[in-house]
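The following exercises concern a ligand site, a surface patch, salt bridges and a side-chain contact. Each task is followed by a worked solution.

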Amino acid sequence: MLDRDLMLIAVEARKNSYSPYSNYRVGAALLGKSGKVYTGCNVENAAYTPTNCAERTAVFKAVSEGEREFTAIAVVGGLGDEPSEFCAPCGVCRQVLSEFCDGDLRVIMGNPDNIKVARLDEILPYSFGKKDLE
Ligand code: THU
């Protein structure tokens, strides 16, 4: 799948964002090795800390449906209705992605008109993971 096509799916997923407190709307589209795409959006909460980011929503949906290996994730965010120039996954989401994804996971950011791609291990160097507990 093309990076831009995955980004367009993230843009659609962003429309479901439940973000009445921050008004920062995020969508994610996670591509499984099976070829299936799992979408997610941020889901906020009045108590703030239970808020779930779009990326983690997508990962948890996928894993709960039996898929545990992924090749790419597209993320798009911004205040209000318009996607911003650039929204990178937060630190917690990088850690959750690292549980299931290799360092070469393609992290596709920006918006459909201006895409920036990084590897997961570029945005999460020196990570702590399964290897440290073996
Ligand atoms: N957010 C995400 O969904 N993903 C990120 O990687 C960054 C932050 C959400 C959480 C919260 O609902 C809003 O953006 C503002 O932080």
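A polar contact is a pair of N or O atoms within 3.5 Å; within protein, one atom must be able to donate a hydrogen and the other to accept it, and residues adjacent in sequence count only if both atoms are side-chain atoms. The model is predicted, so that local features need pLDDT of at least 70 and side-chain atom pairs count only at pLDDT 80 or more, while totals for chains, interfaces and linings use all residues. Residues are numbered from 1 along each chain as its sequence is written, and side-chain values use heavy atoms, with hydrogens and water left out.

**Exercise 1. Determine which backbone nitrogen the side chain of Asn111 reaches, and whether Asn111 is buried or exposed.**

Step 1. Asn111 is located in strand 4; strands (E, at least two residues) and helices (H or I, at least four) are DSSP runs numbered from the N terminus.

Step 2. The backbone nitrogen of Asp113 lies 2.9 Å from the side chain of Asn111.

Step 3. Asn111 counts as buried because its relative accessibility is 7%. The classes are buried under 20% relative accessible area, exposed over 50% and partly exposed in between, with a 1.4 Å probe and protein chains only.

**Exercise 2. Describe the shell around the ligand and the polar contacts made there.**

Step 1. List the shell, taking a residue as near if one of its heavy atoms lies within 4 Å of the molecule. The residues around the ligand are Ser22, Tyr24, Val26, Asn42, Glu44, Thr51, Cys53, Ala54, Glu55, Ala88, Pro89 and Cys90.

Step 2. Assign elements. At least two shell residues come from strand 1 (24-32), and at least two from helix 2 (54-64).

Step 3. Classify the shell. Seven of its residues are nonpolar, three polar and two charged. Here Ala, Val, Leu, Ile, Met, Phe, Trp, Tyr, Cys and Pro count as nonpolar, Asp, Glu, Lys and Arg as charged, and the others, Gly among them, as polar.

Step 4. Identify contacts to ligand oxygen. The side chain of Asn42 places an N or O atom 2.9 Å from an oxygen atom of the ligand. A polar backbone atom of Ala54 is 2.9 Å from a ligand oxygen, and a backbone N or O atom of Cys90 is also 2.9 Å from one.

Step 5. State the coverage. Of the 370 Å² of accessible area that the ligand has on its own, the protein covers 79%. Accessible areas come from the Shrake-Rupley method with a 1.4 Å probe; for residues, only the protein chains shown count as cover.

**Exercise 3. State how many salt bridges the structure holds, and examine examples.**

Step 1. The total is seven, a salt bridge being a side-chain nitrogen of Lys or Arg within 4 Å of a carboxyl oxygen of Asp or Glu.

Step 2. Lys15 pairs with Glu12, their closest N and O atoms 2.6 Å apart. Lys15 is exposed at 52% relative accessible area, whereas Glu12 is partly exposed at 45%.

Step 3. Lys33 and Asp102 meet at 4.0 Å, N to O. This pair links distant parts of the chain, 69 residues apart: Lys33 is in the loop between strand 1 and strand 2 (37-41), and Asp102 in the loop between helix 3 (91-100) and strand 4 (106-111). Lys33 is partly exposed at 46%, as is Asp102 at 48%.

Step 4. Lys131 bridges to Asp132, with 3.0 Å between the closest N and O atoms.
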